[in-house]
Amino acid sequence: MRYISTRGQAPALNFEDVLLAGLASDGGLYVPENLPRFTQEEIASWAGLPYHELAFRVMRPFVDGSIADADFKKILEETYGEFAHAAVAPLRQLAGNEWVMELFHGPTLAFKDFALQLLGRLLDHVLAKRGERVVIIGATSGDTGSAAIEGCRRCDNVDIFILHPHQRVSEVQRRQMTTIFGDNIHNIAIEGNFDDCQEMVKASFADQSFLKGTRLVAVNSINWARIMAQIVYYFHAALQLGGPARSVAFSVPTGNFGDIFAGYLARNMGLPISQLIVATNRNDILHRFMSGNQYVKDTLHPTLSPSMDIMVSSNFERLLFDLHGRSGAAIAELMERFKQGGGFSVEQDRWTEARKLFDSLAVTDEQTCQTIAEVFATTGEVLDPHTAIGVKAARECRRSLDTPMVVLGTAHPVKFPEAVEKAGVGKALELPAHLSDLFSRDERCTVLANDLKAVQAFVAQHGNRGKPL
Ligand SMILES: Cc1ncc(COP(=O)(O)O)c(C=O)c1O
Ligand SMILES: N[C@@H](CCOP(=O)(O)O)C(=O)O
């Protein structure tokens with residue numbers, strides 16, 4: 001399996017190299033040159049497999065021998081064996097034919113664990129084999145950061161720097177990051193928003209001279225391995241609901257377009273998915289594109305669903321690449337326009353194609369709270385605000401009541417008490433045992449200005465187990 005850049009100018013890579021890459025050298029994102037496609041019989045034969053075995057079957061063509069099958073199997077078994085629920089990604093029924101897939105039973109209580117606990121182990125395996133040390137710089141609006149730190153904290157060959165927007169993540173999210181100590185773990189609060197943090201990560205890939213030859217690796221979903229691992233749970237859900245003999249619909253709370261892009265790939269790999277719904281909060285650039293062909297930057301507003309407070313949606317470039325017949329030149333031109341002028345529309349036929357692929361809805365904070373309250377009143381279940389946005393979008397955009405609708409439950413509600421309280425849910429939520437002392441732990445974090453040079457200087461100063469590179 002070879003991976004190519006969405007901007008067409010970077011060298012193609014194999015899986016091991018793509019795992020150790022972030023942005024391609026031409027500024028693009030890596031995608032598989034050819035997507036594997038499974039037959040209906042093959043997919044049907046996976047019904048009832050434990051999660052890690054299903055994961056092996058879905059991901060094996062992407063890894064394609066870069067990691068020996070026996071090692072990959074062991075890594076998958078360890079990764080998903082540490083999830084707190086035996087089903088790993090259980091389905092909970094909300095109403096007739098409406099389900100939430102709970103993706104928050106991993107160690108940091110959000111869907112990011114599915115990919116990042118795996119990524120940490122894959123990096124450890126590959127770096128130990130190569131005898132190489134790397135630096136990771138990641139941007140987070142709250143969940144990627146803690147999952148990445150948890151995934152990498154035991155990696156001997158990694159120094160990890162996580163940038164989060166100062167005072168714009170929930171207290172639980174912040175503490176999940178800042179209370180993990182290690183001389184290879186660094187939390188930086190940036191006086192800016194998530195887009196500023198993400199832009200710093202991308203700029204660091206473009207010019208890595210500050211790293212003095214140390215390789216830079218990505219934990220954000222610009223790293224292909226993140227998307228790959230997220231494809232698996234679409235198969236997992238569908239198989240439990242009668243797939244592939246029966247189609248399933250998904251509603252996906254969306255920010256950086258990674259999770260829903262994984263669903264789009266699952267469909268292209270042969271899984272019958274009848275509908276994919278892009279559910280955004282007030283930061284609705286993706287909804288504005290899907291509904292009106294406008295991919296235009298706007299002011300980023302803090303909301304009750306902070307993890308989706310994202311305007312520049314990284315993985316959208318991967319979809320645009322497909323919509324433009326995989327022309328790297330076309331994508332380079334569009335992205336340059338976006339950078340210079342803040343927006344673009346695509347040709348009518350390409351937009352019509354996008355409309356066939358996705359439905360969308362933008363959900364306000366008020367609607368988010370109403371949905372949390374409504375679901376609690378009817379089922380006794382407490383939704384986190386991101387999942388509530390998915391439920392609201394599913395209820396508004398659903399095309400068929402006969403087709404199972406699965407909403408991706410992307411985080412545990414205990415991470416977002418503000419939204420749950422505002423919704424008037426009077427149920428006390430408890431942190432799981434391994435986090436029960438979270439509020440009494442010491443924190444370690446450096447606040448820095450929204451200034452790329454200051455961040456890069458900090459990384460250079462601490463990038464070798466707390467010592468200068
Ligand atoms: C809880 C939660 N829900 C949804 C999302 C959106 O996922 P994506 O960025 O893959 O679209 C994120 C992060 O982005 C998140 O942390
Ligand atoms: N919501 C994310 C933002 C980063 O997205 P990623 O999927 O590209 O890592 C977060 O919680 O940090």
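Here are some notes on the helix packing, the two sheets and a couple of backbone oddities in this predicted model.

1. **The annotated domain.** UniProt, in an unreviewed entry, places the feature "domain: Tryptophan synthase beta chain-like PALP" at residues 94-331. Over that stretch the chain is 41% helix and 19% strand. The C-alpha atoms at its two ends sit 40 Å apart.

2. **The six-stranded sheet.** One open sheet has six strands in the order S3-S4-S14-S9-S10-S13, and the pairing is mixed. Its edges are strand S3 (91-95) and strand S13 (359-362), each of which pairs on one side only. From one strand to the next, the twist averages 25°.

3. **A closer look at S9 and S10.** Within that sheet, strand S9 (residues 248-253) runs parallel to strand S10 (residues 273-280), and six bridges join the two. If you want a register marker, Ala 249 stands opposite Gln 275 in S10.

4. **Helices on this sheet.** H10 packs on the sheet and touches S9, S10 and strand S14 (405-409). The direction of H10 makes about 170° with that of S10. Helix H11 (residues 285-292) lies across S10 and S13, and its run is at about 130° to S13.

5. **H9 against H10.** H10 also has a helix partner. Helix H9 (residues 224-240) and helix H10 (residues 258-268) have axes that come within 8 Å and cross at roughly 60°. That angle makes H9 oblique to H10, and the crossing is right-handed. On the H9 side the contact uses Trp 224, Ile 227, Gln 230, Ile 231, Tyr 233, Tyr 234 and Phe 235. These meet a set of H10 residues including Ile 260, Phe 261, Leu 265 and Ala 266. Sorted by class, the contact has 11 nonpolar, three polar and one charged residues.

6. **A cis peptide to check.** Most peptide bonds are trans. Here, though, a cis bond joins Gly 243 and Pro 244, with omega at about 0°. Pro 244 belongs to the loop between H9 and S9.

7. **H3 against H4.** Helix H3 (residues 51-63) and helix H4 (residues 69-81) pack at about 135°, with 9 Å between their axes. They are therefore oblique to each other, and their crossing is right-handed. H3 brings Tyr 51, His 52, Ala 55, Phe 56, Met 59, Arg 60 and Val 63 to the contact, while H4 brings Asp 69, Phe 72, Lys 73, Leu 76, Glu 77 and Tyr 80. The split is eight nonpolar, one polar and four charged.

8. **Positive phi in the H3-H4 loop.** Asp 64 is not a glycine, yet its phi is positive, about 50°. You'll find Asp 64 in the loop between H3 and H4.

9. **The five-stranded sheet.** The other open sheet to look at has five strands, ordered S8-S5-S6-S7-S15, with parallel pairing. Strand S8 (215-217) and strand S15 (446-448) are at the edges with a single partner strand each, so one side of each has no neighbour in the sheet. The twist here averages 25° from one strand to the next.

10. **S5, S8 and the helix across the sheet.** Strand S5 (residues 134-139) pairs with S8 in the parallel sense over three bridges, and Val 135 stands opposite Leu 216 in S8. Helix H6 (residues 143-152) lies across S5, strand S6 (158-165) and strand S7 (185-190). Relative to S6, H6 runs at about 170°.

Conventions
Residues numbered from 1 in each chain as written. Chains lettered and ligands numbered in written order. Predicted model: local features only at pLDDT ≥ 70, side-chain atom pairs only at ≥ 80, totals over all residues. Heavy atoms only, no water. Axes fitted to C-alpha atoms, helices over the stretch in contact; angles between N-to-C directions. Helix = DSSP H or I, 4+ residues; strand = E, 2+ residues; numbered from the N terminus. Parallel < 35°, antiparallel > 145°, perpendicular 65-115°, else oblique. Left-handed = near helix turned anticlockwise from the far one by under 90°. Contact = heavy atoms within 4.5 Å. Nonpolar A, V, L, I, M, F, W, Y, C, P; charged D, E, K, R; others polar. UniProt positions renumbered as here; feature names shortened; annotations may be inferred. Pairing = 2+ DSSP bridges.
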